Amino acid sequence: MNEQYISDRISVLRTKKNVSEYKMSLDLGHSKSYIQSISSGRSLPSMSEFLSICEFLGITPKDFFDDNIEEPSLIHELTNEAKTLQKDDLELLVSIARRLNGRSK
């Protein structure tokens with residue numbers, strides 16, 4: 001993993017969220033070219049800005065670095081919803097996920 005990974009990952013996740021570099025920059029409180037400078041590799045975000053970027057994208061820093069997850073914001077949303085479910089409902093959700101993945105018990 002290197003600096004290019006961070007730039008590329010931000011670009012991929014931003015695109016999945018269907019937001020432009022311009023809009024993301026402004027929504028984060030920066031100049032219109034802020035995200036473009038990160039995506040091009042000219043600069044990297046500070047740690048506090050990285051955390052703001054993750055929050056904007058609706059993911060955790062762990063999700064950001066896990067490139068095995070194709071839709072991290074949806075996984076994060078599902079996880080948040082699942083936290084409040086009762087055991088029976090969680091078991092049903094796991095069963096549905098296994099069935100969809102072709103791994104029924």
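In this predicted model, N18 counts as exposed, because its relative accessibility of 71% lies over the 50% that marks the exposed class. The residue is found in the loop between helix α1 and helix α2, the latter covering residues 21–27. N18 also has a positive phi of about 60°, although it is not a glycine. This deserves mention because most residues other than glycine have a negative phi. The residue that follows N18 in this account is K17, whose charged end sits over the ring of F56, 5.4 Å from the centre of that ring.

The protein chain as a whole contains 7 helices and 0 strands, and, when it is read along the sequence, its elements follow the pattern α-α-α-α-α-α-α. Along its principal axes, the C-alpha trace spans about 50 × 25 × 25 Å. The radius of gyration of the chain is 17 Å, whereas a compact globule of 105 residues would have a value near 13 Å. Of the 105 residues, 29% count as buried, and the chain exposes about 7400 Å², of which carbon and sulfur atoms supply 52%. When contacts between residues at least 6 apart in sequence are considered, 46% of them join residues at least 24 apart.

The interior was examined next, beginning with the nonpolar side chains. In soluble globular proteins, such side chains tend to be buried together. The largest nonpolar core of this model has 17 residues, among which I10, M24, I35, I53, L57 and F64 touch the most other members. Helices α1, α3 (34–39) and α4 each supply at least two residues of this core, and the largest share, 5 residues, comes from α4. The surroundings of one of these core residues, I35, can be described in detail: with its neighbours within four places in sequence left aside, I35 is in contact with I10, R14, E21, M24, S25, L28 and I53.

Aromatic rings formed a further topic of the analysis, and the count comes to 5 aromatic pairs. One of them joins Y5 and F65, whose ring centres lie 6.1 Å apart and whose planes meet at 15°, an arrangement that is stacked. This pair links distant parts of the chain, since Y5 belongs to helix α1 (residues 3–16) and F65 to helix α5 (residues 61–65), 60 residues apart. The two partners fall into separate accessibility classes: Y5 is buried because its relative accessible area of 15% is under 20%, whereas F65, at 33%, counts as partly exposed because this value lies between 20% and 50%.

F65 also pairs with F50, and here the ring centres are 5.6 Å apart. The planes of F50 and F65 are at 40°, so this pair is tilted, as the angle falls between the limits of 30 and 60 degrees. This second pair likewise links distant parts of the chain, with F50 in helix α4 (residues 47–57) and F65 in helix α5, 15 residues apart. F50 has a relative accessibility of 7% and therefore counts as buried, the value being under 20%. Y5, F50, F64 and F65 together form one aromatic cluster, and F64 is also among the residues that touch the most other members of the largest nonpolar core.

Key
Residues numbered from 1 in each chain as written. Predicted model: local features only at pLDDT ≥ 70, side-chain atom pairs only at ≥ 80, totals over all residues. Heavy atoms only, no water. Phe/Tyr/Trp six-rings, centres within 6.5 Å; stacked < 30°, edge-to-face > 60°. Helix = DSSP H or I, 4+ residues; strand = E, 2+ residues; numbered from the N terminus. Buried < 20%, exposed > 50% of the residue type's maximum accessible area, 1.4 Å probe, protein only. Lys NZ or Arg CZ within 6 Å of the ring centre and 35° of its normal. Core = buried A, V, L, I, M, F, W, Y, C linked by side-chain atoms within 4.5 Å. Contact = heavy atoms within 4.5 Å. Rg over C-alpha atoms; globule rule 2.2 N^0.38 Å. Areas by Shrake-Rupley, 256 points an atom, 1.4 Å probe, with all protein chains shown as cover.
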